Amino acid sequence: MKLAVVPGKAEIDQIEAALERYGVLIFPNQNIQPQQQIAFSAALGPLEETELEKARLEGHEEIFVVGNVGKGLVSFSPEDNEQELEWHTDHIHHKVAARASLLYAKEVPAQGGDTLFSCMYHAYDSLTAEQRQSYCEIQTINSASGLEHFLSKQNLSGTTGSQVGRKHDEVIRPLVRAHPLSGRKALYFGNQITIGIVGWEVDRSRCFISDLTRHACQPAFQYRHRWRVGDAVLWDNRRVLHAGTAYDVKNARRLMHRTTLRETEPINLI
Ligand code: OGA
Ligand code: MN
C-alpha cells in the first residue's frame, strides 16, 4: 500500500481490522512528504498536534520529529544497551491518549535504533487466572514525571521530555482494558510513565511495575523492527507497548516523523 495515496473507505476498514489483528503494520518503501503522511493519517482519524516545541516540524504541527537531526535530540531510546528500556504506549499520561501512531523513517543508523513492540493481548492471556482477576481491579497512575526520571538517569543531555521539576498532571487508568474492536483484554501501562498504583505504596508499586514489564515484554511476545529508510510503521497503542533501542546518537543520524492518532473513545474494562 502506498501512503502517498489517501485511503478510501474500503482501505481504511482493511487497515483498522489488520491493526487490531496484528497490532503493528509495516508499510515498506514509502516516499512521502509531511503533508502526505498527515493526509494518510488523518483519513484514519483525528490527529494530535505536537506540543513539544523542539519536536514540532515547522509548518506541520501534526508531525512529531524523533531523532538527533533537527532542533535537538528527541529520543525514546536508552543511552546504551545496558540501560533499561522505556516500554510505553503513547500518551497514556495525557487526558486523551493516543489510539495509534505512525512512524516514518527518513534516516536510520547503520546499527541500532530498532524499535521493539510487545503484544499486550499475549501479556494478559498468559497471566495466571488469579492474576487476571486481581489485575482487573488495578488502577495505574501515569505521569510525565516518570519519563523525566528515566531521562535523568542517562547522560543524553537535551533529550525528550519537558522541563525537569515541572509539576505534571497525573492520569489514572485501568491496568486491564478491553479493546473496543475485539473485546479482548490487554494490559495498558508503561514501565517508566506508570509511576504508581492507586492505593499502593511507592515501593510496592515500583516492584510490581518492574515485574510486570519483565513478564509483558518478554522476548516471546516481542517484534523487533529493524528500520530501513522509507519504512512506515503503524501501531495500535491499545494493544502493544513499544520501546526504542540504543544507537550512536553522537555519530549516527536518525530522523523519523511521527503522526499520532487521538483516542476517540473512553476505554474501560468491559
Ligand atoms: C515514538 C517512539 C521509538 C523509536 O515515536 O513514540 O516511542 O524507536 N519511538 O523512536
Ligand atoms: Mn512512543
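The legends below describe close-up views of a predicted model.

In this predicted model, local features need pLDDT of at least 70 and side-chain atom pairs count only at pLDDT 80 or more, whereas totals for chains, interfaces and linings use all residues. Residues are numbered from 1 along each chain as its sequence is written, chains are lettered from A and ligands numbered from 1 in the order in which they are written, and side-chain values use heavy atoms, with hydrogens and water left out.

**View 1. The manganese ion (ligand 2) and its three donor residues, His-88, Asp-90 and His-242.**
The ion is coordinated at 2.1 Å by NE2 of His-88, OD of Asp-90 and NE2 of His-242, where donors are N, O and S atoms within 2.8 Å of the metal (3.2 Å for Na, K and Ca), and the site may look incomplete since water is not among the atoms. Along the chain, these donors follow the spacing H-x1-D-x151-H. Asp-90 lies in the loop between strand 3 (60-67) and strand 4 (98-107), while His-242 belongs to strand 13 (residues 240-244), so the pair ties together parts that are 152 residues apart in sequence; helices (H or I, at least four residues) and strands (E, at least two) are DSSP runs, numbered from the N terminus. Both Asp-90 and His-242 are buried, a term for under 20% relative accessible area, with exposed meaning over 50% and partly exposed in between (1.4 Å probe, protein chains only).

**View 2. The surroundings of ligand 1.**
Among the residues around ligand 1 are His-88, Asp-90, Trp-235, His-242, Arg-254 and Arg-258, each having a heavy atom within 4 Å of the ligand. An oxygen atom of ligand 1 is 2.7 Å from an N or O atom in the side chain of Arg-258, and for the side chain of Arg-254 the corresponding distance is 2.8 Å. An oxygen atom of the ligand is also 3.1 Å from an N or O atom in the side chain of His-88.

**View 3. The largest cavity, with about 130 Å³ of space.**
On a 1 Å grid over the protein atoms alone, a cavity is a set of points where a 1.4 Å probe fits but cannot get out, a pocket is an open set with protein on both sides within 12 Å along at least five of seven lines, and lining residues have an atom within 4 Å of a point. Grid points are joined across faces, edges and corners, and a volume is the space filled by probe spheres set on the points. Of the 13 lining residues, Val-66, Phe-76, Leu-103, Thr-115 and His-242 lie nearest the centre of this cavity, and strand 13 supplies the largest share of the lining, 3 residues.

**View 4. The second largest pocket, with about 170 Å³ of space.**
This pocket is lined by 14 residues, and those closest to its centre are Arg-21, Tyr-22, Cys-119, His-122 and Arg-239. Two or more lining residues come from each of helix 1 (9-22), strand 5 (115-119), helix 3 (120-125) and strand 11 (222-225), with strand 5 giving the most, 3 residues.

**View 5. Asn-29 and His-91, two loop residues with positive phi.**
Asn-29, in the loop between strand 1 (24-27) and helix 2, has a phi near 55° and is exposed, with a relative accessible area of 56%. His-91, in the loop between strand 3 and strand 4, has a phi near 60° but is buried, with a relative accessible area of 13%.

Technical notes:
Polar contact = N/O pair within 3.5 Å; in protein donor to acceptor, adjacent residues only side chain to side chain.
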